[in-house]
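Subject: Structure handover

Hello,

I am passing on the structure we spoke about. Please open it alongside this message; my notes follow below.

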Amino acid sequence: MSLRVHPVLFLSIPRLQRIVSARMRLLVLGSGAGGGVPQWNCRCPNCTQAREERDLPFSKNVFRHTQASIALREAGEPWLLVNASPDLCSQFARQAELAPPEGAMRASPLAAVALTDGQIDHATGLLFLREGTELTLVCTDPVWKSLGSSFPIVSVLRHFLPVNRLSYPAQVGSLLLEALPLRAGPAPYEAPSGESGHVVALRVTGKKSGGCVVYAPGLPEISSELADFVAGSDCLLVDGTFWSEEELAPMSRERRRSILGSHLPISGPGGTLEWLAKLPIPQKLYVHINNTNPILDPGSPPAKEVKEAGVGIAYDGMLLSLYSPHS
Ligand code: MLT
Ligand code: MN
Ligand code: ZN
C-alpha cells in the first residue's frame with residue numbers, strides 16, 4: 001500500500017499562511033441575464049421552477065438567479081463591484097461579506113464600481129448607491145457618454161453625491177483593471193454607432209495575490225485578441241446568455257435582435273462551449289444566463305454537456321478564492 005502525501009504538506013507554515021491570507025476573493029452577486037430568473041412576464045419551465053423556490057432559503061435556490069454582477073477584493077481592501085445590477089440592494093443585503101466595515105456608523109464597503117457596458121441590467125444599480133458620500137466609476141468613453149445623456153444615470157446621481165470617473169486601464173487599490181473592447185453595438189436604448197468600447201471584457205489582476213480574473217458577461221465574438229486577453233488568467237467568467245437560437249423564438253423581435261447582436265450561443269460550432277472546453281484556464285464559468293437557457297436545469301442534457309466540458313455554471317452567492325502559484 002503506498003502512502004500519499006498531499007502536496008500542501010510540503011509547504012512551510014509561513015508560505016501556507018501567505019497563500020491563505022493573500023487570496024483574492026470573488027463573490028458572484030448575480031448570475032442571471034437581464035430580467036433575472038424568474039422573469040416577471042415569463043411562464044417558461046425555468047421561471048415556473050424559480051417561482052416555486054420563493055419560500056426557500058437563499059442557499060437552497062437552484063433556478064433563481066438575480067441579474068449579473070460580481071465583486072472582487074484583495075485581502076484587507078474594500079470591494080470592487082463589477083456592474084451594478086437592478087437587484088443590487090437585495091444582493092448586498094444577503095451577503096455578510098458586503099457589510100459596511102466596522103468603525104463608523106456609515107462606511108462604504110466599496111472602493112469603486114467598474115462597468116463592462118452601460119446596459120440596463122448592468123448600470124441601473126448605480127442609482128441605489130446614492131446614499132454614499134462619493135462614487136468612483138470606471139468605464140469607457142462611450143459608456144460614460146451614454147450614462148450622461150441617453151440613459152442619464154450619472155446626471156441623476158450627481159444630485160446626490162460626487163461621481164468621479166476613471167478610464168481603463170485603472171488602478172483601484174491593489175487591483176489593476178484592463179478592458180478589451182468587443183465588437184458589439186451600443187445598448188438597445190442608444191442610437192446605432194460604430195464607435196468602439198460600448199461593451200468590453202474586463203481583466204482584473206490583484207497585485208497582492210497575483211490572482212487574475214476575466215469577466216465578460218456579453219461576448220459577441222471570439223477573436224484572437226480575446227484569446228490573448230484571457231491567456232494566463234486563473235478564472236474566466238463568460239457570457240452564458242443562451243444555449244441555442246431556438247429558445248429565443250418566443251421573444252419579441254427587438255429583444256431577440258438585441259440578444260443575438262451582443263451574445264454568442266453556448267452550443268454548436270462557433271459557440272462558446274467549444275472554445276472554453278479547449279482553454280487551459282483553471283476555472284471557467286458561465287454567467288449572465290437568460291431565463292430561457294436549458295442549462296439552468298442541472299438535470300438537463302445541456303447542463304451535463306457543460307459540466308463534462310469542464311465548465312461550471314455560476315450561481316448567486318458563489319464565493320471563489322483566487323491565488324496565483326506563480327506570484
Ligand atoms: C443584453 O444582455 O443583451 C441586454 O441585457 C439586453 C437588455 O437590456 O434587455
Ligand atoms: Mn444583459
Ligand atoms: Zn422564463
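Is histidine 288 buried or exposed? Histidine 288 is buried, because its relative accessibility is 3% and the cut-off for buried is under 20%. Please keep in mind that this is a predicted model.

The metal site

Histidine 288 is also a good place to start because of the manganese ion (ligand 2), whose protein donors are Asp121, through OD, and His288, through NE2. These donors lie 2.0 to 2.2 Å from the ion. Aspartate 121 belongs to helix α4 (residues 120-123), while histidine 288 sits in the loop between β12 and α10, so the two donors tie together parts that are 167 residues apart in sequence. Aspartate 121 is buried as well, at a relative accessible area of 8%.

The backbone at histidine 288 deserves a look too: its phi is positive, about 55°, although the residue is not a glycine. Most residues other than glycine have a negative phi, and most peptide bonds are trans.

Other backbone points

Asparagine 83 is another non-glycine residue with a positive phi, near 70°. Asparagine 83 is located in the loop between β3 (79-82) and α3 (88-93), and counts as buried at 0% relative accessibility.

Two cis peptide bonds should be noted. One runs from valine 37 to proline 38, with omega near 5°; proline 38 is in the loop between β1 (24-30) and α2. Another runs from tyrosine 168 to proline 169, with omega near -5°, and proline 169 is in the loop between β6 (163-166) and β7 (170-172).

Two helices with a buried face

Helix α10 covers residues 301-308, and its buried residues are Pro302, Ala303 and Val306. Viewed down the axis of α10, these residues fall within an arc of 100°, so they line one face of the helix. An α-helix has 3.6 residues a turn, so residues three or four places apart point the same way. Pro301, Lys307 and Glu308 are exposed on the other side of α10. The buried residues of α10 are covered by elements including α9 (272-278), β12 (283-287) and β13 (312-313). After α10 comes glycine 310, with a positive phi near 85°.

Helix α2 (residues 45-52) can be read in a similar way. Which of its residues are buried? They are Asn46, Cys47 and Ala50. Down the axis of α2 they fall within an arc of 95°, so these buried residues line one face of the helix. The face turned away from that buried side carries Pro45 and Glu52, which are exposed.

Pocket and cavity

The largest pocket has a volume of about 1,000 Å³. It is lined by 37 residues, and those closest to its centre are Pro188, Glu254, Arg255, Ser258 and Ile259. Helices α4 and α8 (253-262) each supply at least two residues of this lining, and α8 gives the most, with 7 residues. By class, the lining of the largest pocket comprises 14 nonpolar, 17 polar and 6 charged residues.

How many cavities of 30 Å³ or more does the structure hold? It holds 1. About 30 Å³ of space lies in the largest cavity, and the residues that line it are Gly118, Val143, Ser146, Pro186, Ala187, Tyr189 and His198. This lining has 4 nonpolar, 3 polar and no charged residues.

Serine 146, one of the residues lining the largest cavity, is part of helix α5 (residues 141-146). Serine 146 counts as buried, at 4% relative accessibility. Leaving out residues up to four places away in sequence, serine 146 touches Phe151, Pro152, Tyr189 and Glu190. Of these contacts, Tyr189 also lines the largest cavity.

One loop residue

Leucine 182 is in the loop between β8 (175-181) and β9 (200-206), and at 7% relative accessibility counts as buried. Beyond its neighbours within four places in sequence, leucine 182 is in contact with Val199, Val200, Ala201, Gly218, Leu219, Pro220 and Leu226. Leucine 182 and alanine 201 are 19 residues apart in sequence, and their C-alpha atoms are 6.9 Å apart in space.

Regards

Definitions and conventions: Residues numbered from 1 in each chain as written. Chains lettered and ligands numbered in written order. Predicted model: local features only at pLDDT ≥ 70, side-chain atom pairs only at ≥ 80, totals over all residues. Heavy atoms only, no water. Buried < 20%, exposed > 50% of the residue type's maximum accessible area, 1.4 Å probe, protein only. Helix = DSSP H or I, 4+ residues; strand = E, 2+ residues; numbered from the N terminus. Arc of directions from axis to C-beta. Contact = heavy atoms within 4.5 Å. Donors = N, O, S within 2.8 Å, 3.2 Å for Na, K, Ca; no water. 1 Å grid on protein atoms, 1.4 Å probe; cavity = no way out; pocket = protein on both sides within 12 Å on 5 of 7 lines; lining within 4 Å. Points joined across faces, edges and corners; volume = space filled by probe spheres on them. Nonpolar A, V, L, I, M, F, W, Y, C, P; charged D, E, K, R; others polar.
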